[in-house]
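Reader: I'm new to looking at protein models. Can you walk me through how to read one?

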Amino acid sequence: MPRSGESTKPIAASIAASTDEDDVSTMDRARGLIDKLPPRVAAALIGGAAKIPAMRATMESEYESMLDAAPVSRPEADVAVYTRIPAAALDREAIIADVSALADSEQAEWSDGYASGAVYHGDQEHIDFLNTVYALQSQSNPLHLDLWPSGMKFESEIVAMTASMLSSEAARRQGDEIVGTVTSGGTESIIMAMKAYRDRANITRPQMVIPDSAHVAFDKAAAYFGYDQIRVPVGEDFAADVDAMARAITRRTVVVAGSAPGFPHGIIDPIEQLANMARERGVGFHTDACLGGFVLPWAERLGYTIPAFDFRVPGVTSMSADTHKYGYAAKGTSVVLYRGRDLRRHQFYVATEWPGGLYYSPTLAGSRPGALLAAAWAALLSVGEDGYLRATKAILNTGSEIRYGISQINGLHVLGHPLWVISFASDELNIYEVMARMSERGWSLNGLHHPPAVHIAVTLRHTQPGVAQRFLTDLTAVVAETREAGGDAATGAAPMYGMAATFPARGAVSELMLRYIDRIYETGD
């Protein structure tokens, strides 16, 4: 290992010196050397090599080959590409025909249950109902309360109904009022809560303490609002480690968080213990229930043993729950809730000296689509408690079937003890190759890393007859194909995921992702 101040340039140069030979063999030799080095030394080595023209050219080739192996999905429908506004208006019927063609070409995969998460209800009658409500409110903007007071009716009642589901009555008995707002999604709900804690604390370099499994939205909030973020490794059961998180708290910690459940592994963190620990230290606690907020209350009613995670726990001072997931609303709404108006006020923004007049904004956006508020409100009313109970029962039954089925496939194992977000890994196969081969069969699953794994989030689409069995049949076949093929991941996005999981130079992984985003925005003309 190089001593402090020792340069890695000679090693980098020695790798680059062989680039006159075949690029692939050069990279293979480089990877062989890198794999033997400590991560920090390997990262420095790669950084040094990237400054050498010949090696940089080889790395450029590697980037492009990995991106070419996982091309950006483009619409299959034969629709014209537009890169400038037409000189003359196009026929509206023709435009509608194009949009319809695009929708038709994309429907089968999610409608037939091939997608993890993404579409949580998907019944055509439900979609048509929400579309009707949306159309009726398509011009509404809650920013203009005088024109559309209905917008705040919808929002305040969505907040009240969601709070009631998450035990606002228990909080009231504790002497607390549960309040909140509707946001554009789970990420904004988490970001807004983190802003509120930061502004309430009003200290330099505030800290958040979260488990490794917490949603990446916390990382966004840390980046946007100047937090020092402390991510704490989870336990062997993939749940947050209460003692380790307690040790991570400092005088600058303003918020601790846990998930119910976490996105990667579907594991419910020990919220009550975490929240009580935070409360004892005078620190706020956020329950991220974006995924489970509209499942766990009904699962408990159905007789499942669900650990306390909501406002029944006195230490829980805020929560997020997505109406557009298992609340079955149209995409673009979530709810963030607070224990008390004082904390919520730190989410708001007001301007008193702007020449444009007095201005206020409860969330990040100024103008907001009132139609989405109306659709979320209508979804909660039209599904009702009985509908949520039926949906949750079907989803949990299907989750149990899939979880058991995966456990019976030789070479796979389920991570932790999830209910309906099922992650699985392998000690003998390249799990990203399994994911890529499932993609070839039409499945859209979620790749994970730390550790390498794949998950499926069960929705009502998967409760349709035969879907769970089709998934297990395909997965069994794909595992056999992967075992027979042997070797490293080579299919589809598998090489990209393999690099992301193991490559020590995180800057190179970020660069790969940035290049992928750039490709997304190419029109393909």
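Author: Let's start with a definition: a salt bridge is a side-chain nitrogen of Lys or Arg within 4 Å of a carboxyl oxygen of Asp or Glu. Keep in mind that what you see is a predicted model. By this rule the count here is 26 salt bridges.

Reader: Why would such side chains pair up at all?

Author: The general idea is that side chains of opposite charge can pair when their charged atoms come close. Here's a case: Arg173 and Glu169 form a salt bridge through their side chains, at 3.9 Å from N to O. These two residues sit four apart in helix 8 (residues 168-173), so about one helical turn separates them.

Reader: Are Arg173 and Glu169 buried or exposed?

Author: For that you need the cut-offs: buried is under 20% relative accessible area, exposed is over 50%, and partly exposed is in between. Arg173 has 60% relative accessibility, so it counts as exposed. Glu169, at 38%, counts as partly exposed.

Reader: Which residue forms a salt bridge with Arg339?

Author: That's Asp176, with the closest N and O atoms 2.9 Å apart. Arg339 belongs to strand 7 while Asp176 is in the loop between helix 8 and strand 1, so this pair ties together parts that are 163 residues apart in sequence. Arg339 is buried, at 12% relative accessible area, whereas Asp176 is partly exposed at 28%.

Reader: And what about residues that sit side by side in the sequence?

Author: Try Arg281 and Glu280, whose side chains meet in a salt bridge at 3.8 Å, N to O. Arg281 is partly exposed with 41% relative accessibility, and Glu280 is exposed at 66%. Salt bridges can also share partners: Glu64, Asp68, Glu511, Arg515 and Arg519 are joined that way into one network.

Reader: Let's move on to strands. In what order do the seven strands of the open sheet lie?

Author: Read across the sheet, the order is 1-7-6-5-4-2-3, and the pairing is mixed. Strand 1 (178-183) and strand 3 (228-232) are at the edges with a single partner strand each, so one side of each has no neighbour in the sheet. On average, neighbouring strands here are turned by 20° against each other, ignoring direction.

Reader: How many bridges join strand 1 and strand 7?

Author: Six bridges, with strand 1 and strand 7 (residues 334-339) pairing in the antiparallel sense. One of the contacts to look up is Ile178, whose bridge partner in strand 7 is Arg339. You've met Arg339 already, in the salt bridge with Asp176.

Reader: Which residues form the nonpolar patch on the surface?

Author: Tyr82, Leu90, Ile95 and Val99 do, and together they have about 370 Å² of accessible area. Take Val99, which lies in helix 5 (residues 92-111). At 52% relative accessibility, it is above the 50% cut-off and therefore counts as exposed.

Reader: Can we zoom out? How many helices and strands does the protein chain have?

Author: There are 19 helices and 13 strands in the protein chain. Of its 525 residues, 49% count as buried. Its accessible surface is about 25600 Å², and 53% of that belongs to carbon and sulfur atoms.

Reader: And what share of the contacts comes from residues 24 or more positions apart?

Author: Counting contacts with a separation of 6 or more, 73% come from residues 24 or more positions apart. The pair Arg339 and Asp176, 163 residues apart in sequence, is a handy place to begin looking.

How values were computed
Residues are numbered from 1 along each chain as its sequence is written. This is a predicted model: local features need pLDDT of at least 70, side-chain atom pairs count only at pLDDT 80 or more; totals for chains, interfaces and linings use all residues. Side-chain values use heavy atoms; hydrogens and water are left out. Two strands pair if DSSP finds at least two bridges between them. Axes are lines fitted to C-alpha atoms, for helices over the stretch in contact, and angles run from 0 to 180 degrees between N-to-C directions. Patches are made of residues with over 30% relative accessible area and no salt bridge: like charges are joined within 9 Å, nonpolar side chains (Val, Leu, Ile, Met, Phe, Trp, Tyr) within 5 Å. Accessible areas come from the Shrake-Rupley method with a 1.4 Å probe; for residues, only the protein chains shown count as cover. Buried means under 20% relative accessible area, exposed over 50%, partly exposed in between (1.4 Å probe, protein chains only). Contact means heavy atoms within 4.5 Å.
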